[in-house]
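Work through the exercises below with the model open beside you, and try each task before reading its solution.

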Amino acid sequence: MAELDKPQREIDVPSDWTYASAPESRDIVQIRERYGLFVGGEWLEPAETYETIAPRDEEPLAAVGQASPADVGRAVAAARTAYADGWSSLPGSERAKYLFRIARILQERSREFAVLESLNGGKPIKESRDVDLPLAAAHFFYYAGWADKLEYAFPNRRPRPIGVAGQIIPWNFPLLMLAWKIAPALACGNTVVLKPAETTPLTALLFADVLRQAELPPGVVNIVTGDGRTGAALVENEDVDKIAFTGSTEVGKEIQRRLAGTGKKLTLELGGKAANIVFDDAALDQAVEGIVNGIYFNQGHVCCAGSRLFVQESIYEPLVAKLERRLTTLRVGDPLDKNTDVGAINSAAQLEKIRELVASGEEEGAEIYQPPCVLPEKGYWFVPTVFTNVAQSYRIAQEEIFGPVLSVLTFRTPEEAVEKANNTPYGLSAGVWTEKGSRILWMAQRLRAGVVWANTYNRFDPSSPFGGYKESGFGREGGRHGLEPYLDFEESEAFGG
Ligand code: NAI
Ligand code: MG
């Protein structure tokens with residue numbers, strides 16, 4: 001009897017089931033203290049430099065060049081020389097070999113690039129490793145395949161290269177946007193001056209090393225770092241034949257004004273405010289995954305992010321309940337941790353923009369939901385957010401937030417869904433969730449968006465063209481369409497005129 005009176009021994013059962021940290025080692029990548037500008041295959045010493053940091057903790061990573069208009073001029077001259085000295089007249093099958101080599105080297109060095117991308121940009125390593133890097137390599141493979149088949153892509157149109165392409169890219173997919181721009185330009189026989197975004201220059205600078213490894217002739221690709229002033233100098237340089245820009249609508253418009261009447265070619269890939277539309281017959285759990293992927297992928301720093309969710313009224317309550325529950329399982333934190341779902345916001349400026357727009361949503365009367373979440377002390381972070389009770393006129397339903405913030409609206413009929421979805425100055429992408437194939441086709445015909453995903457979201461493939469309507473820009477990247485902006489055609493001759 002006395003035995004039973006003994007106090008029960010406490011058994012050591014773990015009660016905390018959260019993930020243990022699983023950091024990716026950063027030793028695989030060697031970051032130099034200082035980077036010059038990659039011009040004519042050499043590192044040019046810039047007069048001025050600035051510091052690039054890691055947004056996860058504001059750690060300084062390296063000093064990089066702020067290229068002046070004169071530096072940009074040198075890069076353009078190097079590109080012009082390389083163009084005239086053989087690159088443009090090289091047989092397509094020879095150009096293809098370089099592109100294949102670049103693709104292979106990117107695959108071989110993908111872990112190194114993925115770590116650097118996450119460190120400098122803040123995106124989860126899971127994404128840079130499984131999305132950015134494989135897709136960047138796939139783009140080079142894909143366009144390598146076209147380099148000797150341009151005559152077949154455009155029969156009877158005598159495609160030829162256009163010259164020197166100036167390419168300005170943003171910070172949300174630094175290496176992937178580099179691949180989207182450089183691969184088709186080189187496949188078509190052009191040379192390039194590329195300007196990465198000021199907050200994420202490091203993978204582009206590491207890419208210069210890949211170009212050397214691939215023995216690409218000097219000057220075929222030049223990389224000039226710096227902020228908007230460097231971009232503007234590239235736009236204004238008289239010896240550039242084409243500008244390809246991805247970034248804000250505001251700067252896109254400015255570039256278009258600058259280039260009006262100059263005869264330079266231009267493609268613009270700008271912002272978005274995509275509608276992700278869920279009908280009452282959709283598989284709800286799958287739709288929830290698609291919604292989460294649509295808006296919280298890359299912290300919502302995605303031009304085609306599904307930032308406006310349209311839910312058919314009859315399923316509004318169960319869907320929002322499932323979505324909010326799903327949000328509590330998202331892990332926000334260190335981009336280099338393999339378990340992280342949502343990483344760091346790219347910059348202090350972007351964080352400020354997100355905060356300002358979220359405050360406006362609360363002020364205008366929307367209801368905010370944020371899951372319980374412990375954010376790191378240093379660095380730039382924002383909790384994944386859902387707004388319900390949103391009216392079409394609210395700023396959070398109209399403006400691009402470019403952060404992990406979703407606005408939920410409702411509709412009753414397919415006609416109403418189309419009308420509300422198209423009620424935006426943008427038109428880059430959309431998503432439709434329904435069991436019915438006929439409804440998917442009906443919707444896809446009516447949605448004014450360059451890409452319409454059905455029962456999925458944020459899927460990419462190099463063979464599929466991507467681009468916008470209205471203020472989302474013009475021109476297409478990817479696929480056979482993506483070759484066209486990098487070619488001139490002798491159509492009048494071909495058609496006897
Ligand atoms: P931004 O448009 O200023 O920057 C994009 C690129 O353009 C960078 O390389 C930048 O240095 C360059 N640039 C800036 N001013 C220029 C000029 N006058 N001439 C030539 N190049 C110039 O975008 P920012 O300020 O980083 O972001 C502001 C907003 O733009 C974001 O909050 C987001 O809404 C949107 N954005 C959209 C992107 C997209 O993929 N569609 C990408 C980045 C931003
Ligand atoms: Mg800007």
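**Exercise 1. Find the polar contacts of ligand 1 with A232, L270 and Q350, and state how much of the ligand the protein buries.**

Step 1. Begin with the backbone, where a polar atom of A232 lies 3.5 Å from a nitrogen atom of ligand 1, and a backbone N or O atom of L270 lies 2.8 Å from a nitrogen atom of the ligand; a polar contact here is a pair of N or O atoms within 3.5 Å.

Step 2. Turn to the side chains, where a polar atom of Q350 is 2.9 Å from an oxygen atom of ligand 1.

Step 3. Taken alone, ligand 1 exposes 800 Å², and the protein buries 84% of that, with accessible areas from the Shrake-Rupley method and a 1.4 Å probe.

Before going on, note that this is a predicted model, in which local features need pLDDT of at least 70 and side-chain atom pairs count only at pLDDT 80 or more, whereas totals for chains, interfaces and linings use all residues. Residues are numbered from 1 along each chain as its sequence is written, chains are lettered from A and ligands numbered from 1 in the order in which they are written, and side-chain values use heavy atoms, with hydrogens and water left out.

**Exercise 2. Describe the shell around ligand 1 by residue, element and class.**

Step 1. The shell has 27 residues, of which W171, E198, S248, K353 and E400 come nearest; a residue belongs here if one of its heavy atoms lies within 4 Å of the ligand.

Step 2. The space taken by ligand 1 is the largest pocket, and the elements giving two or more residues to the shell are α9 (228-236), β9 (242-246), α10 (249-259) and α13 (348-364). Helices (H or I, at least four residues) and strands (E, at least two) are DSSP runs, numbered from the N terminus.

Step 3. With three residues, α9 gives the most to this shell.

Step 4. By class, the shell divides into 13 nonpolar, eight polar and six charged residues, where Asp, Glu, Lys and Arg count as charged, Ala, Val, Leu, Ile, Met, Phe, Trp, Tyr, Cys and Pro as nonpolar, and the others, Gly among them, as polar.

**Exercise 3. Give the volume and lining of the largest pocket.**

Step 1. A pocket is an open set of points on a 1 Å grid over the protein atoms alone, with protein on both sides within 12 Å along at least five of seven lines, whereas a cavity is a set where a 1.4 Å probe fits but cannot get out; lining residues have an atom within 4 Å of a point.

Step 2. The largest pocket holds about 1,200 Å³ of space, and among its 47 lining residues W171, E198, G247, S248 and V251 lie nearest its centre.

Step 3. The lining takes the most residues, six, from α10, and it divides into 21 nonpolar, 14 polar and 12 charged residues.

**Exercise 4. Describe the second largest pocket and the largest cavity.**

Step 1. The second largest pocket, with a volume of about 410 Å³, is lined by 25 residues, of which E127, V131, N293, F297 and N458 lie nearest its centre.

Step 2. The largest cavity has about 90 Å³ of space, and R308, A421, S429, R448 and A449 lie nearest its centre among 15 lining residues.

Technical notes. A polar contact is a pair of N or O atoms within 3.5 Å; within protein, one must be able to donate a hydrogen and the other to accept it, and residues adjacent in sequence count only if both atoms are side-chain atoms. A molecule sits in a cavity or pocket if more than half of its atoms lie within 2 Å of its grid points. Grid points are joined across faces, edges and corners, and a volume is the space filled by probe spheres set on the points.
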